Amino acid sequence: MYAKGLKRALDFVLSLAALTVLSPILLILMIAGAIAMGGNPFFTQRRPGKIDPKTGEERIFRLIKFRTMDNRRDDDGNLLPDEVRLNRYGRFLRSTSLDELPELINILIGDMSIIGPRPLLVKYLPLYSQEQRRRHEVRPGLTGLAQANGRNALTWEERFALDVQYVDNITFIGDVTIIFDTVKAVFRREGISSETSATMEEFTGTVQDEQQETANV
């Protein structure tokens, strides 16, 4: 009952309340972001959402966040690496997860949920194994089981395993626990970066899955 109806109702009510209460902070961050980033403080990007049962394909929506990287480029016009464009203000937003606040709009209109697997890039869709793609059986979340248990310090395989574990075990108590664990992780500033990247390395597919598929041919 919770996963099929009450969860969405709570998402709507809580996101609307949060947008109302946090509106002064959102306004301050909009102004600060426009100054720090030299322009538009928002970052939008197409992301895959929940699988549409009618089409069997993920619904694509436009994610809204505060920008954490500027647009500095090299002499050839190419964007500089993430760790260079992730300026001091952007690092502050990421370490406190304040860059995620605009996603409350995505939650309000039904693209996302408060709790669920984080929405990743559209280009990753062909790279998932059948099991990993199950993370899209529910709405993506502002935070999720993986974010409460390591964030970007986890490997992709660990993150996806936790995402699927969440899909199979959605409960009200579980969601409340994830919220509290996420708050603790944010205050401790845990898992902001991976071991080799300022953010997270690109997902290129699971090697063991590719090897297994080759062996079965």
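Me: At the start of α4, what does a side-chain oxygen of Asn87 reach?

Reply: In this predicted model, the side-chain oxygen of Asn87 comes to within 3.3 Å of the backbone nitrogen of Tyr89, at the start of α4. A polar contact needs N or O atoms within 3.5 Å, and the distance from Asn87 to Tyr89 is within 3.3 Å, so the pair meets that distance limit. Tyr89 itself is one of the buried residues of helix α4 (residues 88-96), which also include Gly90, Leu93, Arg94 and Ser95.

Me: What covers the buried residues of α4, and what is found just after α4?

Reply: The cover includes α2 (23-37), β2 (58-66) and α7 (172-188). Just after α4, Ser97 takes a positive phi of about 65 degrees.

Me: Why is Asp11 said to have no salt bridge, although Arg8 is the nearest side chain of opposite charge?

Reply: Asp11 lies in helix α1 (residues 2-21), and Arg8 is 4.7 Å away from it. A salt bridge requires the nitrogen and the carboxyl oxygen to be within 4 Å, so a separation of 4.7 Å between Asp11 and Arg8 does not qualify. Asp11 is nevertheless buried, and its side chain is joined to that of Ser113 by a polar contact of 2.7 Å. Leaving aside residues up to four places away in sequence, Asp11 touches Ile107, Met112, Ser113 and Ile114.

Me: What makes the pair of Lys7 and Asp175 a salt bridge?

Reply: The closest N and O atoms of Lys7 and Asp175 are 2.8 Å apart, and the limit is 4 Å, so the pair counts as a salt bridge. The two residues come from distant parts of the chain, with Lys7 in helix α1 and Asp175 in helix α7, 168 residues apart. Lys7 has a relative accessibility of 9% and Asp175 one of 3%; buried means under 20%, so both partners are buried.

Me: How do you know that Lys65 and Asp99 form a salt bridge?

Reply: Their closest N and O atoms lie 3.5 Å apart, and the limit is 4 Å, so the pair qualifies. Lys65 belongs to strand β2 and Asp99 to the loop between α4 and α5 (103-109), 34 residues apart, and both are buried. The two residues also take part in a network of salt bridges that links Lys65, Asp99, Glu100, Glu103 and Arg118.

Me: Why are Arg135 and Asp163 counted as buried?

Reply: Arg135 has a relative accessibility of 3% and Asp163 a relative accessible area of 4%, while the threshold for buried is under 20%, so both values satisfy it. The side chains of Arg135 and Asp163 meet in a salt bridge of 2.8 Å, N to O, and the structure holds 14 salt bridges.

Me: Why is the aromatic pair of Tyr124 and Trp156 called edge-to-face?

Reply: The ring centres are 5.7 Å apart and the planes stand at 75 degrees. Rings pair when their centres lie within 6.5 Å, and planes over 60 degrees apart count as edge-to-face, so Tyr124 and Trp156 satisfy both conditions. The pair links distant parts of the chain, since Tyr124 sits in the loop between β3 (113-115) and β4 (141-143) and Trp156 in helix α6 (residues 156-168), 32 residues apart. Tyr124, at 5% relative accessibility, is buried, and Trp156, at 10%, is buried too.

Me: What makes the pair of Tyr124 and Phe203 edge-to-face?

Reply: For Tyr124 and Phe203 the distance is 5.8 Å centre to centre, with 80 degrees between the planes; the angle exceeds the 60 degrees required, so the pair is edge-to-face. Phe203 lies in the loop between α7 and α8 (207-216), 79 residues from Tyr124, and its relative accessible area of 2% makes it buried. Ring pairs join Tyr124, Tyr128, Trp156, Phe160 and Phe203 into a cluster.

Me: How many helices and strands does the protein chain have, and what percentage of its 217 residues is buried?

Reply: The protein chain has eight helices and four strands, which run α-α-β-β-α-α-α-β-β-α-α-α from the N terminus on. Buried residues make up 43% of the 217 residues. Among contacts between residues at least 6 apart in sequence, 68% join residues at least 24 apart.

Definitions and conventions
Residues numbered from 1 in each chain as written. Predicted model: local features only at pLDDT ≥ 70, side-chain atom pairs only at ≥ 80, totals over all residues. Heavy atoms only, no water. Buried < 20%, exposed > 50% of the residue type's maximum accessible area, 1.4 Å probe, protein only. Contact = heavy atoms within 4.5 Å. Lys, Arg positive; Asp, Glu negative; His and termini not counted. Polar contact = N/O pair within 3.5 Å; in protein donor to acceptor, adjacent residues only side chain to side chain. Phe/Tyr/Trp six-rings, centres within 6.5 Å; stacked < 30°, edge-to-face > 60°.
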